[in-house]
Amino acid sequence: LSARVSIFDEAACHDPRLGRDLFAWRAASGAIDPHEDRLSRLGWLAGTATHVLEAGARVARDQGAFSSSLMGCREVQESLARLVAGADLVRLGTCRLCRLLEKGDRVRADRESDRLHAAAAALACDLRSVALSLLGASWVEANLSADDPPSDDERTCP
């Protein structure tokens, strides 16, 4: 399970559309266990956040956001830092869930999954916000669907 989930993470790190297409292909190939579905989505989310972080950091560097501590620059720096922390937290939680499921401990995995959901929702919100502000609406439209990375429920962000 952890190897399959890491494939989604790596694919989305390389290209969010590749991660999305891989997920669609996997979903169309047959019934997916609900845990595997959620973990695959979490892997996809973490990988997409890493991709946006790297692309966004390049844009921010080109715009001079790392050369000043002025408010606008600090906000960009903090938003990128939230992506780092959020992606790592989701990735770590996903690894833990995989281990619990591989050991057959579905009850603990369900509890952990519920706790991880809030962190994943916050990461998805930060991801979209950073992508819009640094990469632009056309990049978001081309690379992220309306609910991409997918989540189990809709969350609106300012």
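## Exercises on a six-helix model

Just after helix 3, Gly 64 takes a positive phi of about 85°. Keep in mind as you work that this is a predicted model.

### Exercise 1: Get an overview

Task: Find how many helices and strands the protein has, and what share of its residues is buried.

Solution:
- Step 1. Go through the secondary structure: there are six helices and zero strands.
- Step 2. Read the elements from the N terminus on, and the order is α-α-α-α-α-α.
- Step 3. Turn to burial: of the 158 residues in the protein, 44% are buried.

### Exercise 2: Check the span of two helices

Task: For helix 1 and helix 3, set the distance between the end C-alpha atoms beside the span expected at 1.5 Å a residue.

Solution:
- Step 1. Helix 1 covers residues 2–14, which is 13 residues.
- Step 2. From its first C-alpha to its last, helix 1 reaches 18 Å, close to the expected 18 Å.
- Step 3. Helix 3 has 29 residues and should span 42 Å; the end C-alpha atoms of helix 3 are 42 Å apart, so the two values agree.
- Step 4. Now look at the N-terminal end of helix 3, which Asp 33 caps: a side-chain oxygen of Asp 33 lies 3.0 Å from the backbone nitrogen of His 35.

### Exercise 3: Follow a buried residue of helix 1

Task: List the buried residues of helix 1, then say how far the C-alpha of Ala 12 is from that of Trp 44.

Solution:
- Step 1. In helix 1 the buried residues are Val 5, Phe 8, Asp 9, Ala 11, Ala 12 and Cys 13.
- Step 2. Take Ala 12 from this helix. Its relative accessible area is 0%, so Ala 12 counts as buried, the cut-off being under 20%.
- Step 3. Ala 12 and Trp 44 are 32 residues apart along the chain, while their C-alpha atoms are separated by 5.7 Å.

### Exercise 4: Trace the salt bridges around Glu 112

Task: Work out which arginines pair with Glu 112, and where the partners sit.

Solution:
- Step 1. Start from the idea that side chains of opposite charge can pair when their charged atoms come close.
- Step 2. Arg 96 forms a salt bridge with Glu 112, with 3.5 Å between the closest N and O atoms. This pair links distant parts of the chain: Arg 96 belongs to helix 4 (residues 71–102) and Glu 112 to helix 5 (residues 106–135), 16 residues apart.
- Step 3. Arg 115 also meets Glu 112 in a salt bridge, at 3.6 Å from N to O. Here both residues are in helix 5, and they are separated by about one helical turn because they lie three residues apart.
- Step 4. Check the exposure of the arginines. Arg 96 has a relative accessible area of 37% and is partly exposed, whereas Arg 115, at 56%, counts as exposed.
- Step 5. For another pair, go to Arg 99 and Glu 102, whose side chains meet at 3.3 Å, N to O. Both lie in helix 4, three residues apart, or about one turn of the helix. Glu 102 is partly exposed, with 42% relative accessibility.
- Step 6. Elsewhere, Arg 4, Arg 26 and Glu 36 are linked in a network of salt bridges. The count for the structure comes to 14 salt bridges.

### Exercise 5: Describe a cavity

Task: Identify which residues line the second largest cavity, and which helix gives the most to that lining.

Solution:
- Step 1. A search of the whole structure finds two cavities of 30 Å³ or more. The second largest holds about 30 Å³ of space.
- Step 2. Its lining consists of His 35, Arg 38, Leu 39, Leu 97, Leu 101, Ala 109 and Ser 113.
- Step 3. Helix 3 (34–62), helix 4 and helix 5 are the elements that give two or more residues to this lining. Helix 3 gives the most, with three residues.
- Step 4. Sort the lining by type: four residues are nonpolar, two are polar and one is charged.

### Exercise 6: Find partners for two buried polar side chains

Task: Say what the side chains of Ser 79 and Asn 143 lie close to in terms of polar atoms.

Solution:
- Step 1. Ser 79 is in helix 4 and is buried, at 9% relative accessible area.
- Step 2. A polar atom of the Ser 79 side chain lies 2.8 Å from the backbone oxygen of Val 76.
- Step 3. Asn 143 is in helix 6 (residues 137–143) and is buried too, at 6%.
- Step 4. The Asn 143 side chain makes a polar contact of 3.2 Å with the side chain of Arg 17.

Definitions and conventions. Residues numbered from 1 in each chain as written. Predicted model: local features only at pLDDT ≥ 70, side-chain atom pairs only at ≥ 80, totals over all residues. Heavy atoms only, no water. Salt bridge = Lys/Arg side-chain N within 4 Å of Asp/Glu carboxyl O. Helix = DSSP H or I, 4+ residues; strand = E, 2+ residues; numbered from the N terminus. Buried < 20%, exposed > 50% of the residue type's maximum accessible area, 1.4 Å probe, protein only. 1 Å grid on protein atoms, 1.4 Å probe; cavity = no way out; pocket = protein on both sides within 12 Å on 5 of 7 lines; lining within 4 Å. Points joined across faces, edges and corners; volume = space filled by probe spheres on them. Nonpolar A, V, L, I, M, F, W, Y, C, P; charged D, E, K, R; others polar. Expected span 1.5 Å × (residues − 1). Polar contact = N/O pair within 3.5 Å; in protein donor to acceptor, adjacent residues only side chain to side chain.
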